[in-house]
Amino acid sequence: MTPSTAHTPVRSCKACRKKLPKSKLQRWIISADQPKLDEKQNIAGRGTYLCSMDCYNSIKGHLTQLMQRRR
Ligand SMILES: [Zn+2]
């Protein structure tokens, strides 16, 4: 028997596209035009998932743009 993992939501990192369970990713939102880490992953609005601060740093320059352009 395998442990039940069927309902683990998977998201891909916006920067490196690696797919990971949502719980292993950082959720970022745009708040007042600034990227903000959604630590509890419960802030309303569009989020972007990133796997690490390295990935955050690699796209933070255009994170706001990326998120606002997404429809
Ligand atoms: Zn990544």
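Where is leucine 63 found? I began my notebook with this residue and located leucine 63 in helix α1, which spans residues 53-69. A reminder to myself: this is a predicted model.

**Entry 1: confidence**

I looked up the scores before going further. The chain averages a pLDDT of 87, and 89% of the residues score at least 70. Confidence is highest in strand β2 (residues 19-21), at 96, and lowest in α1, at a mean of 86. I keep that in mind, as leucine 63 belongs to α1.

**Entry 2: the overall layout**

I then walked along the chain and found five strands and one helix. Starting at the N terminus, the order is β-β-β-β-β-α. Of the 71 residues in the chain, 14% are buried. I also checked contacts with a separation of 6 or more, and 44% of them join residues 24 or more positions apart.

**Entry 3: the sheet**

Next I traced the pairing. Three strands make an open, antiparallel sheet in the order β4-β3-β5. Its edge strands are β4 (34-37) and β5 (47-50), each of which pairs on one side only. From one strand to the next, the twist averages 35 degrees.

On one side, β3 (residues 26-31) pairs with β4 through four bridges in the antiparallel sense. Here I saw isoleucine 30 standing opposite proline 35 of β4. β3 is also joined to β5 by four bridges, again antiparallel. In that pairing, arginine 27 has tyrosine 49 of β5 as its bridge partner.

I turned to the side chains with one rule of thumb in mind: in a regular strand they alternate between the two faces of the sheet. In β5, Gly47 and Tyr49 point one way, while Thr48 and Leu50 point the other way. I noted that all four of these residues are buried.

**Entry 4: the nonpolar core**

Which residues make up the largest nonpolar core? I listed seven: Cys13, Ala15, Leu25, Trp28, Tyr49, Leu50 and Cys51. Tyr49 turns up again here, having already appeared as the bridge partner of arginine 27.

I followed cysteine 13 in more detail. Leaving aside residues up to four places away in sequence, cysteine 13 touches Lys18, Leu20, Leu25, Tyr49, Leu50, Cys51 and Cys55.

**Entry 5: back to leucine 63**

Is leucine 63 buried or partly exposed? I found 19 C-beta neighbours inside 10 Å. A residue needs 20 or more to be buried, so leucine 63 counts as partly exposed.

Not counting residues up to four places away in sequence, leucine 63 touches Trp28, Pro35 and Thr48. I was pleased to meet Trp28 again, as it is in the largest nonpolar core, and Pro35, which sits opposite isoleucine 30. I also looked up the separation from isoleucine 29: the two C-alpha atoms lie 9.4 Å apart, although the residues are 34 positions apart along the chain.

**Entry 6: positive phi**

My last check was on backbone angles in the loops. Alanine 32, in the loop between β3 and β4, has a positive phi of about 50 degrees without being a glycine. Alanine 32 is exposed, because just 5 other C-beta atoms lie within 10 Å and the cut-off for exposed is 12 or fewer.

Glutamine 41 lies in the loop between β4 and β5. Its phi is also positive, near 55 degrees, and this residue is not a glycine either. With 14 other C-beta atoms within 10 Å, glutamine 41 is partly exposed.

Definitions and conventions: Residues are numbered from 1 along each chain as its sequence is written. This is a predicted model: local features need pLDDT of at least 70, side-chain atom pairs count only at pLDDT 80 or more; totals for chains, interfaces and linings use all residues. Helices (H or I, at least four residues) and strands (E, at least two) are DSSP runs, numbered from the N terminus. Two residues are in contact if their C-beta atoms, placed from the backbone, lie within 7 Å. Two strands pair if DSSP finds at least two bridges between them. Axes are lines fitted to C-alpha atoms, for helices over the stretch in contact, and angles run from 0 to 180 degrees between N-to-C directions. A nonpolar core is a set of buried Ala, Val, Leu, Ile, Met, Phe, Trp, Tyr and Cys residues joined through C-beta atoms within 7 Å. pLDDT is the predictor's confidence in each residue, from 0 to 100.
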